[in-house]
Amino acid sequence: MEAEESHRAAIDYQKGWHGIEQNPVSKDPDLASHRWTSEAATCIVDNKNYRSKNPRNYRLIIKGGVTKSILPEQSIEILIGDKQLLSFVPKSDFFVKEFRITPELMGQKSSFELRFQSDKTFIPSQLNPDSSDNRKLGIRIYNIYFRQSD
């Protein structure tokens, strides 16, 4: 994601992410593409409060998915640095989670880590002999929305 406006932070996908995949039949633009994580994935997020005289709260919305038919009890953890925002077992294949991120949670550096962890992954080629996909797949992330909220 690029920083398009002064109140929108840039997000840089780091370790643990697979490439972008397209879903051309999606009618929802937020679901038109996604990235899979492996068992753990990290994003580096610009801290727009860095050296700010007037730090603000931010809104974080994550649209994601899991494959309940393969991993019905898969647990997901979302963290900023080492601070857990949420640990949950999704109730369906699709989830939306929203958080209020305070300046204190973002810290005093120019960026911070947004982390995703899954307790289970699957390899498509081990489940389907016709697949040549040997990636370890954890969580499907459609959209990460991070904007100033006040």
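A residue counts as buried under 20% relative accessible area, as exposed over 50%, and as partly exposed in between. Select I44 with that scale in mind: its relative accessible area is 24%, so I44 is partly exposed. The model on screen is a predicted one.

**Stop 1: I44 and strand β4**

I44 belongs to strand β4. Show what surrounds I44, leaving aside neighbours within four places in sequence: the contacts are A10, I11, D12, Q14, S111, F112 and E113. To check one of these by distance, pick the C-alpha atoms of I44 and A10; they are separated by 8.3 Å, with the two positions 34 residues apart along the chain.

**Stop 2: the whole chain**

Zoom out and colour by secondary structure. The protein chain has 10 strands and two helices. Followed along the sequence, the elements run β-β-β-β-β-β-β-β-α-β-α-β. The radius of gyration is 16 Å, close to the 15 Å given by the globule rule for 150 residues, so the chain is as compact as a globular protein of that length. The C-alpha trace spans about 60 × 30 × 25 Å along its principal axes.

With a surface displayed, about 8,600 Å² of the protein chain is exposed, and carbon and sulfur atoms supply 45% of that area. Of the 150 residues, 41% count as buried. Among contacts with a separation of 6 or more, 70% are between residues 24 or more positions apart.

**Stop 3: the nonpolar core**

Hide the surface and select I101, L114, F116 and F146. Which set do they belong to? They are the residues that touch the most other members of the largest nonpolar core, which has 25 residues. The elements that each supply at least two residues of this core are β4 (40–46), β5, β6 (76–80), β8 (94–101), α1 (103–106), β9 and β10.

Centre on F116. Not counting residues up to four places away in sequence, F116 touches W17, E39, A40, A41, C43, I62, E77, I78, I139, I141 and I144. F116 is also part of a ring cluster, linked by ring pairs with Y13 and W17. From that cluster, move to Y13 and add R35: R35 lies over the face of Y13, at 4.3 Å from the ring centre. A second case of this kind is K97, which lies over the face of F88 at 4.5 Å from the ring centre.

**Stop 4: aromatic pairs**

How many aromatic pairs does a search of the whole structure find? The search finds seven. Select W36 and F122 for one of them: the pair is edge-to-face, with 5.8 Å centre to centre and 85° between the planes. W36 lies in strand β3 (residues 33–37) and F122 in the loop between β9 (111–118) and α2 (124–127), so this pair ties together parts that are 86 residues apart in sequence. W36 has a relative accessibility of 5% and so counts as buried. F122 is buried too, because its relative accessible area is 10%.

Now select Y58 and F146. This pair is stacked, at 5.0 Å centre to centre and 15° between the planes. Y58 sits in strand β5 (residues 58–65) and F146 in strand β10 (residues 140–148), so here the pair ties together parts that are 88 residues apart in sequence. Both Y58 and F146 are buried. F146 was also selected at the previous stop, as one of the residues that touch the most other core members.

**Stop 5: helix α2 and two loops**

Go to S125, in helix α2. Is S125 buried or exposed? With a relative accessible area of 19%, S125 is buried. Beyond residues up to four places away in sequence, S125 touches S131, S132, D133 and N134.

Next, select S92 in the loop between β7 (83–88) and β8. At 36% relative accessibility, S92 counts as partly exposed. S92 touches V66 and K68, again not counting residues up to four places away in sequence. From S92, a C-alpha to C-alpha distance to P124 gives 20 Å, for two residues that are 32 residues apart in sequence.

Finish at R51, in the loop between β4 and β5. R51 has a relative accessibility of 71% and so counts as exposed. Check the backbone there: phi of R51 is near 60°, a positive value in a residue other than glycine.

Note on methods:
Residues numbered from 1 in each chain as written. Predicted model: local features only at pLDDT ≥ 70, side-chain atom pairs only at ≥ 80, totals over all residues. Heavy atoms only, no water. Phe/Tyr/Trp six-rings, centres within 6.5 Å; stacked < 30°, edge-to-face > 60°. Helix = DSSP H or I, 4+ residues; strand = E, 2+ residues; numbered from the N terminus. Buried < 20%, exposed > 50% of the residue type's maximum accessible area, 1.4 Å probe, protein only. Lys NZ or Arg CZ within 6 Å of the ring centre and 35° of its normal. Core = buried A, V, L, I, M, F, W, Y, C linked by side-chain atoms within 4.5 Å. Contact = heavy atoms within 4.5 Å. Rg over C-alpha atoms; globule rule 2.2 N^0.38 Å. Areas by Shrake-Rupley, 256 points an atom, 1.4 Å probe, with all protein chains shown as cover.
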